[in-house]
Amino acid sequence: MRLLPGLGMAPIAAGVLLLALLTLLVLVGLMSASMRRRRWSEAFAWLGLLAMGFFSSLLVITVGRDLVLLALRLAGASTPGFIGGSALAVPLLALAVSALGFVNARRVARVVKVDVPIAGLPPALHGYAIAQLSDIHVGPTIRRPYLNAIVNRVNMLGADAIAITGDLVDGSVHRLAPHTEPLGRLAARDGVFFVTGNHEYYSGAEVWIAEVRRLGVTVLMNEHVIRRRAGATVMIAGVADYTAHHFHPAHKSDARAAAAGGAADVRILLAHQPRSAPDAAAAGFHLQLSGHTHGGQFFPWNLFVPLQQPFVAGLHRVRDMWIYISRGTGYWGPPKRFGAPSEITLVRLVPG
């Protein structure tokens, strides 16, 4: 209704058919996981999710064009020439944004190095490094080769510990176990740790917890471990997802329980959602590592993240505690990232 009248009769007919096809593909793509034939389900997932990403940009850019048209009319400017040209430019621009977003999403996440200053940090812990992975979302379009490349890059960092802060999967163990197998190759001196995200609870959290443990990864469910360096100690704790109790009451996220019975020079909490931060600060943690937001993944959804979470991405302060929010190592839904690049985070402790 907003674009096609400015293009002429033939483009209108083609445009209507295209929009109908996009709508059908999005619906089929969303239902693809329930298809019995995996070859078909994977193909439809790709088509549907690509269509979803393109339609999102098409909608946003159309709204932007309407705002420009409104401003021109309020200013008394003549718009006939602009209407036709901009109507053609909108789908072309949406296609370009989707193509660039696809390249950004499918490349191996870059390494982002973050120094976190800790007051009174013991010399033995200067430079202590944690490689953080978050929101990989192994599922319809993220498979074994994609995860393999991530694992290779993380292992090259030589971090003291590796943290996976939730939303590892989108799908059942039955379908995805072969694709999560590369996690078993992750290696760090002080261990590899995992906490649940909300998507684990959509996919059968208890079964996935057992599978992650089978791969040799330590799952922290409101608990902690202590690691030592020349007399200095670091606590690595983890809580279940902020919403876990809606699915499993026994999994209710509890930062105080995660720290209970332990004392350490530095206390680090792994928590999928940033909104766990107030509880973590109250429990005495120095640093919380989170994900969940994807940094918005692509415009304009980054503008809506603050409606649910206190922070979108990056390093922030909550009372006496630091919190770092990863933009995510994979992506969810459309294979598309625009303005929010994926990351493998290397967090280093430095003297405050």
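**Legends to close-up views**

**Figure 1. Asp115 counts as partly exposed, since its relative accessibility is 38%.** The view is taken from a predicted model. Arg348 also falls in the partly exposed class because its relative accessibility is 32%. The side chains of Asp115 and Arg348 form a salt bridge, with N and O 3.0 Å apart. This pair connects distant parts of the chain: Asp115 belongs to strand β1 (residues 110-118) and Arg348 to strand β12 (residues 343-351), with their positions 233 residues apart.

**Figure 2. Glu181 and Arg214 are joined by a salt bridge.** Their closest N and O atoms are 3.2 Å apart. Here too, distant parts of the chain are linked, for Glu181 is found in the loop between α5 (173-180) and β4 (192-195), while Arg214 lies in helix α7 (residues 205-214), the two being 33 residues apart. Arg214 is classed as exposed because its relative accessible area, 51%, is over 50%. Glu181, by contrast, is partly exposed, as its relative accessible area is 31%. Elsewhere, Asp160, Asp190 and Arg229 are united in one network by salt bridges with shared partners.

**Figure 3. A salt bridge connects the side chains of Arg65 and Asp66.** The N to O distance in this pair is 4.0 Å. Which of the classes, buried or partly exposed, applies to Arg65? Arg65 counts as buried because its relative accessibility is 6%. Asp66 has a relative accessibility of 22% and therefore counts as partly exposed; the cut-off for a buried residue is under 20%. Across the whole structure, a search finds eight salt bridges.

**Figure 4. The peptide bond between Phe299 and Pro300 is cis.** Its omega angle is about 5°. Most peptide bonds are trans. Pro300 is placed in the loop between β9 (287-290) and β10 (314-318).

**Figure 5. Asp135 has a positive phi although it is not a glycine.** The angle is about 55°. Most residues other than glycine have a negative phi. Where in the chain is Asp135 placed? Asp135 occupies a position in the loop between β2 (129-133) and α4 (144-155). Asp135 is buried, because its relative accessible area is 0%.

**Figure 6. Asn222, a residue other than glycine, has a positive phi.** The value is near 55°. The loop between β5 (218-219) and β6 (223-229) holds Asn222. With a relative accessible area of 17%, Asn222 is buried, because the class takes in values under 20%.

**Figure 7. The protein chain, shown as the setting for the close-up views, contains nine helices and twelve strands.** The C-alpha trace spans about 75 × 50 × 40 Å along its principal axes. The radius of gyration is 23 Å, which agrees with the value near 20 Å that a compact globule of 352 residues would have. Of the 352 residues, 52% are buried. Among contacts with a separation of 6 or more, 75% are between residues 24 or more positions apart. The accessible surface is about 15,800 Å², and carbon and sulfur atoms contribute 64% of that area. There are 32 positive and 19 negative side chains, and the centres of these two sets lie 7 Å apart.

Technical notes
Residues are numbered from 1 along each chain as its sequence is written. This is a predicted model: local features need pLDDT of at least 70, side-chain atom pairs count only at pLDDT 80 or more; totals for chains, interfaces and linings use all residues. Side-chain values use heavy atoms; hydrogens and water are left out. Helices (H or I, at least four residues) and strands (E, at least two) are DSSP runs, numbered from the N terminus. The radius of gyration is taken over C-alpha atoms; the globule rule is 2.2 Å times the number of residues to the power 0.38. Buried means under 20% relative accessible area, exposed over 50%, partly exposed in between (1.4 Å probe, protein chains only). Contact means heavy atoms within 4.5 Å. Accessible areas come from the Shrake-Rupley method with a 1.4 Å probe; for residues, only the protein chains shown count as cover. Lys and Arg count as positive and Asp and Glu as negative; His and the chain ends are not counted. The place of a charge is taken as NZ of Lys, CZ of Arg, CG of Asp or CD of Glu.
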